[in-house]
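I opened my notebook to work through one protein chain. Here is what I looked up, step by step.

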Amino acid sequence: MLESIFNDQWLWLSVTIGTYLVFAFIQQRIKSDFLRPFLNPLLLSTVLVIIILINLEVPYETYQQGGQYIDYLIMPATVALGIKLYENIDLLKQYYKPILIGIGSGVALHTSLIFIFVKIFNLTK
């Protein structure tokens with residue numbers, strides 16, 4: 001019985017959206033400017049859903065059956081972001097140096113962390 005429930009794509013879509021909404025509500029209620037960035041609903045809901053899936057031993061493929069609908073929503077959001085960037089092209093041109101420095105340092109840090117974690121956890125093949 002539980003296996004059939006855990007294989008339902010609508011359950012995992014509901015869990016994903018529900019956890020996001022709960023964390024968004026919590027973030028809105030927090031008044032501290034220091035804590036609010038750490039209560040990012042996208043990050044926290046992702047972590048919680050991963051913990052739930054691992055503990056219940058739900059395969060990624062089962063989760064993704066419901067997650068595919070979220071993918072359909074991401075595509076128009078990406079286009080909307082591109083439109084906003086185009087509308088603010090003058091601002092982007094004005095601040096291109098800090099933007100490129102931020103992107104470059106983020107890529108460098110991310111790449112360094114990958115190599116560090118590969119060494120720490122011995123993740124070579």
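How many aromatic pairs are there by the ring-distance rule? I got four aromatic pairs. I should jot down that this is a predicted model.

**Entry: the rings**

I picked the pair of Trp 10 and Tyr 69, whose ring centres are 5.0 Å apart. Their planes sit at 10 degrees, and planes under 30 degrees apart count as stacked, so I wrote this pair down as stacked. Then I checked where the two residues sit in the chain. Trp 10 is in helix α2 (residues 9–29) and Tyr 69 is in helix α4 (residues 60–87). They are 59 residues apart, so the pair links distant parts of the chain.

Next I wanted to know: is Trp 10 buried, exposed or partly exposed? Its relative accessibility is 44%, so Trp 10 counts as partly exposed. Tyr 69 also counts as partly exposed, at 28%. I noted one more ring here, since Trp 10, Tyr 69 and Tyr 72 form one aromatic cluster.

**Entry: the core**

Which residues make up the largest nonpolar core? I found five residues: Trp 12, Val 49, Leu 53, Val 58 and Tyr 63. I then followed Trp 12 and skipped its neighbours within four places in sequence. Trp 12 is in contact with three of its core partners, namely Leu 53, Val 58 and Tyr 63. Its contacts also include Phe 6, Ile 52, Leu 56 and Thr 62.

**Entry: the nonpolar patch**

I turned to the surface and found a nonpolar patch there. Its members are Leu 91, Tyr 95, Tyr 96, Ile 99, Leu 100, Ile 103 and Val 107. Together they have about 670 Å² of accessible area. Which helix gives the most to this patch? It is helix α6 (residues 96–120), with five residues. Leu 91 is found in helix α5 (residues 89–94). I looked up how open Leu 91 is, and at a relative accessible area of 46% it is partly exposed.

**Entry: charges**

Side chains of opposite charge can pair when their charged atoms come close. I searched the whole structure for salt bridges and came back with one. Lys 84 forms it with Glu 87, and the closest N and O atoms are 3.7 Å apart. The cut-off is 4 Å, so this pair passes. Both residues are in helix α4, and being three residues apart, they are separated by about one helical turn. I also checked their surroundings: Lys 84 is exposed, and so is Glu 87.

How values were computed
Residues numbered from 1 in each chain as written. Predicted model: local features only at pLDDT ≥ 70, side-chain atom pairs only at ≥ 80, totals over all residues. Heavy atoms only, no water. Patch = residues over 30% accessible without salt bridge, like charges linked within 9 Å, V, L, I, M, F, W, Y side chains within 5 Å. Areas by Shrake-Rupley, 256 points an atom, 1.4 Å probe, with all protein chains shown as cover. Salt bridge = Lys/Arg side-chain N within 4 Å of Asp/Glu carboxyl O. Helix = DSSP H or I, 4+ residues; strand = E, 2+ residues; numbered from the N terminus. Buried < 20%, exposed > 50% of the residue type's maximum accessible area, 1.4 Å probe, protein only. Phe/Tyr/Trp six-rings, centres within 6.5 Å; stacked < 30°, edge-to-face > 60°. Core = buried A, V, L, I, M, F, W, Y, C linked by side-chain atoms within 4.5 Å. Contact = heavy atoms within 4.5 Å.
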